[in-house]
There are 2 protein chains.
Amino acid sequence: MKQLSLGIIGLGVVGSSVAKILKENQTLIAARAGCAIHVKKGAVKDLSKSREIFDFPITNDVNEILDDPEIDIVVELTGGVEAPFEIAKKALRNSKALVTANKAMLAYHRYTLQQIAGDLPIGFEASVAGGIPIIKALRDGLGANHILNIRGIINGTCNYILTKMKDFGVEFDEVLKEAQKLGYAEADPSFDIGGFDAAHKLLILASIAYGIDARPNDILIEGITQITQEDIAFAKEFGYHLKLLGIAKKDGDFIELRVHPTFLPKDALLGKVDGVMNAISVVGDYVGETLYYGAGAGGEATASAVISDIIEIARTKSSPMLGFKTTSGVLKLKPIEAITSAYYLRILVLDKPGVLAQIAKIFGEVGISIDTFLQRNDKHHSTLLLSTHTCTEADIKCAIDRISTLEVVKAPPAMIRIEK
Amino acid sequence: MKQLSLGIIGLGVVGSSVAKILKENQTLIAARAGCAIHVKKGAVKDLSKSREIFDFPITNDVNEILDDPEIDIVVELTGGVEAPFEIAKKALRNSKALVTANKAMLAYHRYTLQQIAGDLPIGFEASVAGGIPIIKALRDGLGANHILNIRGIINGTCNYILTKMKDFGVEFDEVLKEAQKLGYAEADPSFDIGGFDAAHKLLILASIAYGIDARPNDILIEGITQITQEDIAFAKEFGYHLKLLGIAKKDGDFIELRVHPTFLPKDALLGKVDGVMNAISVVGDYVGETLYYGAGAGGEATASAVISDIIEIARTKSSPMLGFKTTSGVLKLKPIEAITSAYYLRILVLDKPGVLAQIAKIFGEVGISIDTFLQRNDKHHSTLLLSTHTCTEADIKCAIDRISTLEVVKAPPAMIRIEK
């Protein structure tokens with residue numbers, strides 16, 4: 001039986017899980033891969049840091065791996081964007097296959113890497129939604145279909161926070177603190193709760209589905225920091241689940257890419273995915289809707305995805321990186337203002353006559369029609385909660401700007417998109 | 001760009017959808033496959049039957065396809081077991097790759113086909129759960145894991161019937177008639193409602209996960225014909241969803257394989273999958289639970305899966321049939337009597353004192369402990385609904401046999417397994 005040699009760069013939570021599973025499930029993995037998988041060397045930044053004992057040598061010089069002619073696959077599991085990009089480029093230039101879990105690097109540099117790789121395989125199943133094999137599903141399982149849309153709960157921190165807000169009626173700040181205590185949110189949570197992590201993953205999914213080369217700053221990204229219990233109450237009242245979604249949609253030759261809190265109809269399976277779990281709904285033109293669910297993070301689940309790429313490379317040595325190459329350039333990123341949706345607005349107003357009339361007048365003039373409407377009063381203020389029929393981002397923003405200038409409106413309205 | 005030639009045998013609902021999608025999504029499919037896909041010829045049983053017009057020649061002699069040296073892939077989409085088996089064998093012996101949607105043939109002959117195939121690829125994504133890429137997920141995406149269990153809603157007819165029984169409170173026979181009218185159930189529905197269709201699919205999934213060679217008559221198969229509104233009421237009362245599941249479970253070196261109506265805890269995502277939709281939950285030792293959801297039947301969804309196999313073969317020419325070959329024989333099929341579960345019993349009894357005591361005495365003597373208990377009376381009879389803690393199939397059957405002989409029991413108890 002032949003053997004495949006790996007160099008693992010980065011031995012943190014994911015890297016050490018990869019080493020552990022390769023050892024524990026050795027026989028099974030060799031059977032599936034058709035050859036033995038051997039870790040020849042690992043690389044870490046700081047050799048003096050105490051860590052578990054591995055049964056392969058460890059260096060702090062990545063070039064010992066990148067320049068080793070006996071190493072077939074470089075498994076890149078570090079953090080950051082530019083440093084791993086240098087590692088990835090050198091690995092490919094030295095004719096090694098690359099497996100990476102680094103979504104941030106891919107969000108910026110995937111097309112450059114694909115170009116350098118040529119026919120060398122790059123595996124990145126672990127970069128989106130941890131252990132869920134969504135990359136392979138999109139690239140292989142649904143290959144016969146034009147992808148009409150992708151809607152994903154692809155950030156476990158946000159889903160945990162929104163679930164707790166719904167189940168226990170507590171406000172965002174309080175749940176965030178609890179999530180940090182439990183390790184479900186980072187000490188600096190802004191990358192997750194701001195929607196940026198989900199945006200990185202969305203860009204990777206959109207590349208496979210559409211071959212579209214966009215960067216994080218090209219797309220609409222909104223986080224969950226503005227969500228209140230009033231929004232949750234509105235969702236319950238009108239039959240929605242509130243989720244942070246990454247959404248990619250095909251509209252003719254245009255692709256919409258956006259990350260934002262979203263109301264989903266309560267009978268949609270995606271809306272029922274709670275806690276830290278991830279799920280991605282994909283609609284193909286012939287297969288209809290399919291959905292993929294599982295742990296989106298965690299060392300072992302992510303390592304499971306890393307190893308699935310290693311097995312695939314062992315078996316075929318020919319996985320195309322983004323699934324296909326020729327339709328890139330045909331599809332265009334849709335400008336944010338042209339994206340359409342239904343919208344929900346929460347507007348804090350003075351409790352006096354004529355307020356609703358002023359607001360309704362603005363909607364009428366902008367050409368937006370109102371779908372549902374709810375008013376909640378307490379002794380201090382009055383809140384209007386309303387949902388609209390479908391209109392453009394440009395129109396809803398115009399309406400919000402105009403509403404914000406009204407004297408009877410006490411703060412700029414909060415807005416959440418509704419998926420139907 | 002090179003070209004791959006297909007012969008499609010069987011041009012019914014699935015076969016004609018394959019032809020249509022290959023034409024409609026030609027450019028995309030060629031990009032993903034890395035070459036043009038060309039249907040050289042189709043074969044049907046009866047040339048005189050009127051059908052849509054295809055842009056390839058049609059024959060009623062399958063050998064025109066099987067003996068054509070220019071055809072690379074035989075796409076077998078007929079029905080039955082032995083006739084398609086002959087076609088499949090000849091295709092492989094003539095060194096052609098094989099793609100099939102025929103679950104019944106695979107349930108009986110998959111290991112023979114694998115042996116004949118050697119390194120020739122066999123694609124059978126369409127044989128289980130229609131458009132859901134569950135074969136590839138199990139074989140590739142979760143390849144790093146020992147599969148601890150698989151639990152699948154893999155028969156849309158049964159799921160439709162159970163959903164309607166739950167939502168509208170009508171009995172089995174009535175819903176079945178409606179399902180037949182709507183085309184969700186066959187004129188002769190016994191294959192679906194008896195659990196046999198689900199058993200075929202379960203055997204295929206178990207082969208990929210465990211490399212285990214079992215046949216339909218080796219495993220436990222129960223359908224949904226005995227389910228009543230009382231069982232649905234019990235599920236609601238105690239927080240369960242009632243589903244027909246195909247279950248494969250690893251227990252040391254033993255594999256349990258079984259198809260039966262099952263109570264699932266109401267917070268399990270799998271239990272929330274309603275209507276004709278399919279979903280499969282897979283638990284791996286490192287990835288944890290993942291779940292796959294989508295349309296389990298229908299010409300276009302199934303054709304989507306067929307074409308995903310064609311694309312894979314075009315790209316790699318090396319997909320191993322059952323994922324791995326070496327662990328076959330290590331794992332053994334668990335005898336049905338040794339399988340453990342929690343159980344629900346519905347017992348029709350005379351409404352008189354001491355009945356419960358007699359039944360409880362039997363449970364005590366067999367060594368089964370009761371978990372929950374509910375009694376429902378109407379003017380004609382009294383029904384005991386109870387659930388047990390975990391025990392073996394042998395024990396629960398012994399208890400049921402003894403309960404059935406009691407004079408106060410009016411009919412043999414109905415039994416449903418509970419998954420925890």
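Biologist: Let me start small, in chain B. Which residue in β16(B) is the bridge partner of Asn377(B)?

Modeller: That's Ser382(B), sitting in β16(B). Keep in mind as we go that this is a predicted model. The general idea is that strands of a sheet pair through backbone hydrogen bonds, either parallel or antiparallel. Here β15 (370–377) and β16 (382–388) of chain B pair in the antiparallel sense, over 7 bridges.

Biologist: And what joins β15(B) to β16(B)?

Modeller: A hairpin, passing through 4 residues.

Biologist: Now the parallel case. In what order do the strands of the open sheet in chain A come?

Modeller: Read across the sheet rather than along the chain. The order is β3-β2-β1-β4-β5-β6 in chain A, 6 strands with parallel pairing. At the edges stand β3 (58–59) and β6 (122–123) of chain A; each has a single partner strand, so one side of each has no neighbour in the sheet. For a pair to look at, take β1 (residues 3–9) and β2 (residues 36–43) of chain A, which run parallel and share 7 bridges. Within that pairing, Ile8(A) has Gly42(A) of β2(A) as its bridge partner.

Biologist: What does chain B have by way of an open sheet?

Modeller: Chain B has an open sheet of 6 strands in the order β3-β2-β1-β4-β5-β6, again with parallel pairing. Its edges are β3 (58–59) and β6 (122–123) of chain B, and because each has a single partner strand, one side of each is left open in the sheet. Look at β2 (residues 36–43) of chain B: 2 bridges join this strand to β3(B), in parallel. One residue to click on is Gly42(B), whose bridge partner in β3(B) is Ile58(B).

Biologist: Let me zoom out. How many helices and strands does chain A have?

Modeller: Chain A has 14 helices and 18 strands. Its radius of gyration is 24 Å, close to the 22 Å that the globule rule gives for 420 residues, so chain A is as compact as a globular protein of that length. If you'd rather think in box dimensions, the C-alpha trace of chain A spans about 80 × 45 × 35 Å along its principal axes.

Biologist: What about salt bridges: how many are there over all chains?

Modeller: The count is 62 over all chains. One to look up is Asp274(A) with Lys166(A), at 2.9 Å from N to O. Asp274(A) is in the loop between β10 (254–265) and β11 (277–284) of chain A, while Lys166(A) is in helix α7 (residues 156–168) of chain A, so this pair ties together parts 108 residues apart in sequence.

Biologist: On to the contact between the chains. How is the size of an interface often given?

Modeller: Often as the accessible area lost when the parts come together. For chain B and chain A, about 4500 Å² is buried, with carbon and sulfur atoms giving 58% of that. Each side puts in residues: 50 from chain B and 50 from chain A.

Biologist: How many salt bridges are there between chain B and chain A?

Modeller: There are 2 salt bridges between them. In one, Arg315(A) meets Asp140(B), with the closest N and O atoms 2.5 Å apart. Polar contacts add another layer, with 16 residue pairs between the chains, both residues at pLDDT 80 or more. On the side of chain B that touches chain A, elements giving two or more residues include α1 (13–24), α6 (134–141) and β12 (288–295) of chain B. The largest share there, 8 residues, is from α12(B). Sorted by type, that side of chain B has 25 nonpolar, 14 polar and 11 charged residues.

Biologist: Which strand of chain A is joined by bridges to β12(B)?

Modeller: Strand β12 (residues 288–295) of chain A, which runs antiparallel to β12(B) and is joined to it by 3 bridges. To find the spot, go to Leu291(A), which stands opposite Tyr293(B).

Technical notes: Residues numbered from 1 in each chain as written. Chains lettered and ligands numbered in written order. Predicted model: local features only at pLDDT ≥ 70, side-chain atom pairs only at ≥ 80, totals over all residues. Heavy atoms only, no water. Contact = heavy atoms within 4.5 Å. Buried area = accessible area lost by both parts, 1.4 Å probe. Salt bridge = Lys/Arg side-chain N within 4 Å of Asp/Glu carboxyl O. Polar contact = N/O pair within 3.5 Å; in protein donor to acceptor, adjacent residues only side chain to side chain. Nonpolar A, V, L, I, M, F, W, Y, C, P; charged D, E, K, R; others polar. Pairing = 2+ DSSP bridges. Rg over C-alpha atoms; globule rule 2.2 N^0.38 Å.
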